[in-house]
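Biologist: I have just opened this structure and would like to learn how to read it. Could you walk me through some of its features?

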Amino acid sequence: MELNLSSGKALRLLLGDITKIRVDAIVNAANSQLQGGGGVDGAIHRAGGPSLMRELDQIRKESGDCPTGSAAVTTAGALPAQFVFHAVGPIYQDGQQGEPDQLRGCYRTCLALAEERGVRMLSFPAISTGAYGYPLAEAASIALETVAQHLRAADTGVREVLFVLWDQGTLDIHAKALSRLAGKLE
Ligand code: ADP
């Protein structure tokens, strides 16, 4: 499913493994210690190889932890991309602790990094919706709205954003959120 925006820009939903799809930059759902974990982070480090963690070790040494809403950039090792943006999403508590703004901020950080680095094609997983417990429907509408808002701006270098979703249920929830968003944008 996809949302086509002005001047050939598009937002697409795909089912699958984010480590398999060729883009310019892959977003990882990391933790603030940049220390590697399970879920999509584990998959990205396994597929990318040890150079990613070596670069993150160096970043941690120089700058310390990566706060919620920010992201660390590494090269992509053996992944089919140039960069990985290791973004730190919020841990969901009850939705009243600023989680929506933090999640929105996390997507904005990655979009800004993509613009800085000349990225045309960018892929995201559903940040914070696994171990970090963010309710899927709410996270999906925040993610899609934030990206669509960015792509609708006149002068973005980013042309295409893929949401690569791991299972059918997650894809279905994003598809629903995307049709609602398309309705709103008409
Ligand atoms: P977080 O800690 O931010 O919640 P997780 O990795 O636990 O991050 O989960 C984020 C999302 O990534 C979940 O929807 C999970 O199902 C999904 N996921 C896990 N592995 C992959 C993968 N290889 N490609 C894309 N998405 C994945």
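Modeller: Happily! Let us begin with the ligand: 15 residues surround it, and the closest are Asp17, Val40, Ser128, Gly130 and Ala131. Keep in mind that this is a predicted model.

Biologist: Which residues have a polar atom at a short listed distance from an oxygen atom of the ligand?

Modeller: Look for pairs of N or O atoms within 3.5 Å. A polar backbone atom of valine 40 is 2.9 Å from an oxygen atom of the ligand. For tyrosine 132, a backbone N or O atom lies 3.0 Å from a ligand oxygen. Threonine 129 uses its side chain instead: a polar atom there lies 3.1 Å from an oxygen atom of the ligand.

Biologist: Ser128 was on your list of closest residues. What is its phi angle?

Modeller: Serine 128 has a positive phi of about 75 degrees, although it is not a glycine. You will find serine 128 in the loop between E6 and H4. Serine 128 is buried, with a relative accessible area of 5%.

Biologist: Where is leucine 34 found, and is it buried or exposed?

Modeller: Leucine 34 sits in the loop between E3 and helix H1, which spans 39-48. Buried means under 20% relative accessible area, and leucine 34 is at 3%, so it counts as buried. Its phi is positive too, about 55 degrees, though leucine 34 is not a glycine.

Biologist: Let us turn to aromatic rings. How many aromatic pairs does a search of the whole structure find?

Modeller: The search finds five. One of them joins tyrosine 107 and phenylalanine 124, with 4.7 Å from centre to centre and 50 degrees between the planes, a tilted arrangement. Tyrosine 107 lies in helix H3 (residues 99-116) and phenylalanine 124 in strand E6 (residues 121-124), so this pair ties together parts that are 17 residues apart in sequence.

Biologist: Why is the pair of phenylalanine 124 and phenylalanine 163 called stacked?

Modeller: Planes under 30 degrees apart count as stacked. The planes of these two rings are at 20 degrees and their centres are 5.6 Å apart, so the pair is stacked. It links distant parts of the chain, 39 residues apart: phenylalanine 124 is in strand E6 and phenylalanine 163 in strand E7 (residues 160-165). Both phenylalanine 124 and phenylalanine 163 are buried, and tyrosine 107 is buried as well. Together, Tyr107, Phe124 and Phe163 form one aromatic cluster.

Biologist: Which charged residue lies over the face of phenylalanine 83?

Modeller: That is arginine 117, at 5.5 Å from the ring centre.

Biologist: Now the interior. Which residues touch the most other members of the largest nonpolar core?

Modeller: This core has 40 residues, and the ones touching the most other members are Leu11, Leu13, Phe85, Leu122, Phe124, Val147 and Phe163. Several elements each supply at least two residues, including strand E2 (10-15), strand E5 (83-88) and helix H5 (168-185). H4 gives the most, with eight residues.

Biologist: What is leucine 122 in contact with, leaving aside its neighbours within four places in sequence?

Modeller: Its partners include Val23, Ala25, Val27, Phe85, Cys110, Leu111, Ala114 and Val161. Leu162 is also in contact with leucine 122. There is a second, separate core of eleven residues, and Leu162 is among its members, along with Ile18, Leu52 and Leu79.

Terms used:
Residues are numbered from 1 along each chain as its sequence is written. This is a predicted model: local features need pLDDT of at least 70, side-chain atom pairs count only at pLDDT 80 or more; totals for chains, interfaces and linings use all residues. Side-chain values use heavy atoms; hydrogens and water are left out. Rings of Phe, Tyr and Trp (its six-membered ring) pair if their centres lie within 6.5 Å; planes under 30 degrees apart count as stacked, over 60 as edge-to-face and the rest as tilted. Helices (H or I, at least four residues) and strands (E, at least two) are DSSP runs, numbered from the N terminus. Buried means under 20% relative accessible area, exposed over 50%, partly exposed in between (1.4 Å probe, protein chains only). A charge sits over a ring if NZ of Lys or CZ of Arg is within 6 Å of the ring centre and within 35 degrees of the ring normal. A nonpolar core is a set of buried Ala, Val, Leu, Ile, Met, Phe, Trp, Tyr and Cys residues joined through side-chain atoms within 4.5 Å. Contact means heavy atoms within 4.5 Å. A residue is near a molecule or strand if one of its heavy atoms lies within 4 Å of it. A polar contact is a pair of N or O atoms within 3.5 Å; within protein, one must be able to donate a hydrogen and the other to accept it, and residues adjacent in sequence count only if both atoms are side-chain atoms.
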